[in-house]
Amino acid sequence: MRINAKTVAQLAELGNEVRPGVSLADHTSLGIGGRTDQVLLRRPETIPQVMRLLAEEGNPHKFLGGGTNVLVDDGELGFIVLHLPASGSAMRVEGNAAYVDAAADLGGTVTFCAKHDLGGLEGLVGVPGSVGGALRMNAGAYGTQIGPHVREVQLYRAASGQIETLCGSDIRFDYRHTSFGPEDVMLRVKLELPSRPYQEILAAIKVSNQKRRSSQPLDQKSAGCVFKNPPGGSAGRLIDQLGLKGHRLGDAMVSDRHANFFVNLGQASCADMLGLIDSVRERVRTAYGIELENEVIVWRN
Ligand code: EPU
């Protein structure tokens, strides 16, 4: 979708930048997605005005963070994307509190906090994506979730059209789900983390990295786990037990390393990936009577 010239000029006046015809295949870890105009929110404080402007012009939009948990449609997209670029001074530590921009890289945040002797996030070190994405999804791995460490979130609230600060206790963090609205935009977070010596944190980080390397296809294009785990179970194990590792549709394939990772072997389209997701869901439903729910977020036109 194209943003008209007048709106492009107004967005620029607010200090933001429009990049025309960006390929979302280049901005997502799956390497899948069509083209659209992208607004780089270089002045996050202008988001309320940006949103009003886009609403007035009837520009449907979606917010793209790190692009590591999203499957985007093919072709010319019917919505524009907004993106918060990472800034140089994205993190600061004060006692046991870490103040981090939502655009910051999650892994970089874990190591930054470790260098300040703040632990508790070790399991998250290999989870790809931004801090904002981790907040929205309540990212978790190896017994760690980000939610319990959140003390404050500054965000654009779609419901009020304003930038607000929420207390951690006012936000619900469930398994891969939170009470943030779908149109809310994370801006900054205050985390409270336990003190731990750097060397100890480093050792724990190494253990998570090793586990991840041995069980996940980190060298291939994917969006991490495709399905949420069903209560008490593992989607990966269920799919594996059905012998579906290596199962393919075009260039979309069930990873032969971890069956809940679906990889793009090169030229997979969104249609290939959705077809594969549906066929695996169907096989699991038929075999076990379990309806797997997507963890990956799908953006259809
Ligand atoms: N398993 C298999 N075959 C497979 C994959 C897994 O038999 O192909 C078995 C494993 O051997 C293990 C069990 O299933 O006994 C669980 O596997 P794993 O430890 O890999 O955990 P998971 O439940 O499959 C979850 C998260 C991952 C996270 C890991 C590590 C979900 C959907 N997945 O996977 O998160 O990295 O635990 O904590 O909650 C993601 O969110 O995108 C993601 C990848």
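Tutor: Two strands are taken as paired if DSSP finds at least two bridges between them, and the elements themselves are DSSP runs numbered from the N terminus, helices being H or I over at least four residues and strands E over at least two. The model is predicted, with local features requiring pLDDT of at least 70 and side-chain atom pairs counting only at pLDDT 80 or more, while totals for chains, interfaces and linings use all residues. Residues are numbered from 1 along each chain as its sequence is written, and side-chain values use heavy atoms, with hydrogens and water left out.

Student: In what order do the strands of the open sheet of four strands stand?
Tutor: The pairing in this sheet is mixed, and its neighbouring strands are turned by 30° against each other on average, direction ignored. At its edges stand β1 (17-23) and β3 (61-63), each of which pairs on one side only. Read across the sheet, the order is β1-β2-β5-β3.

Student: How many bridges join β2 to β5, and which way do the two strands run?
Tutor: Within the register of these strands, Gln38 stands opposite Val81 in β5, and Leu40 stands opposite His83 in β5. Strand β2 covers residues 35-40 and strand β5 residues 80-83. The number of bridges is three, and the direction is parallel.

Student: In which sense do β1 and β2 pair, and over how many bridges?
Tutor: Strands of a sheet pair through backbone hydrogen bonds, in either a parallel or an antiparallel sense. Here Arg19 stands opposite Gln38 in β2. The pairing of β1 with β2 is antiparallel, over five bridges.

Student: Is Asp37 buried or exposed?
Tutor: Asp37 lies in strand β2, a strand that is mostly covered, with five of its six residues buried. The scale is relative accessible area with a 1.4 Å probe and protein chains only: under 20% is buried, over 50% is exposed, and values in between are partly exposed. Because its relative accessibility is 3%, Asp37 counts as buried.

Student: With which side chain does that of Asp37 make a polar contact?
Tutor: Leaving aside neighbours within four places in sequence, Asp37 is in contact (heavy atoms within 4.5 Å) with a set of residues including Met1, Ile3, Val18 and Ile80. A polar contact is narrower, being a pair of N or O atoms within 3.5 Å in which, within protein, one must be able to donate a hydrogen and the other to accept it, and residues adjacent in sequence count only if both atoms are side-chain atoms. At 3.2 Å, the partner side chain is that of Arg2.

Student: How are helices α3 and α5 oriented to each other?
Tutor: Axes are lines fitted to C-alpha atoms, for helices over the stretch in contact, and angles run from 0 to 180 degrees between N-to-C directions. The axes of α3 (residues 106-115) and α5 (residues 198-215) come within 8 Å and cross at roughly 150°. Angles under 35 degrees count as roughly parallel, over 145 as roughly antiparallel, 65 to 115 as roughly perpendicular and the rest as oblique. The two helices, α3 and α5, are therefore roughly antiparallel.

Student: How do the residues of the contact of α3 with α5 divide by class?
Tutor: The contact is made by Val110, Thr111, Ala114 and Lys115 of α3 with Tyr198, Ile201 and Ile205 of α5. Ala, Val, Leu, Ile, Met, Phe, Trp, Tyr, Cys and Pro count as nonpolar, Asp, Glu, Lys and Arg as charged, and the others, Gly among them, as polar. The division is five nonpolar, one polar and one charged.

Student: Which residues of α2 does α1 meet?
Tutor: Helix α1 (residues 5-13) packs against helix α2 (residues 47-57) at about 175°, with the axes 11 Å apart, which makes α1 roughly antiparallel to α2. By class, this contact has four nonpolar, two polar and two charged residues. From α1 come Lys6, Thr7, Gln10 and Leu11, and the α2 residues that they meet are Val50, Leu53, Leu54 and Glu57.

Student: Which residue caps the N-terminal end of α1?
Tutor: Beyond the other end, just after α1, Gly15 takes a positive phi of about 95°. At the N-terminal end, a side-chain oxygen lies 3.2 Å from the backbone nitrogen of Lys6, and the residue that supplies this oxygen is Asn4.
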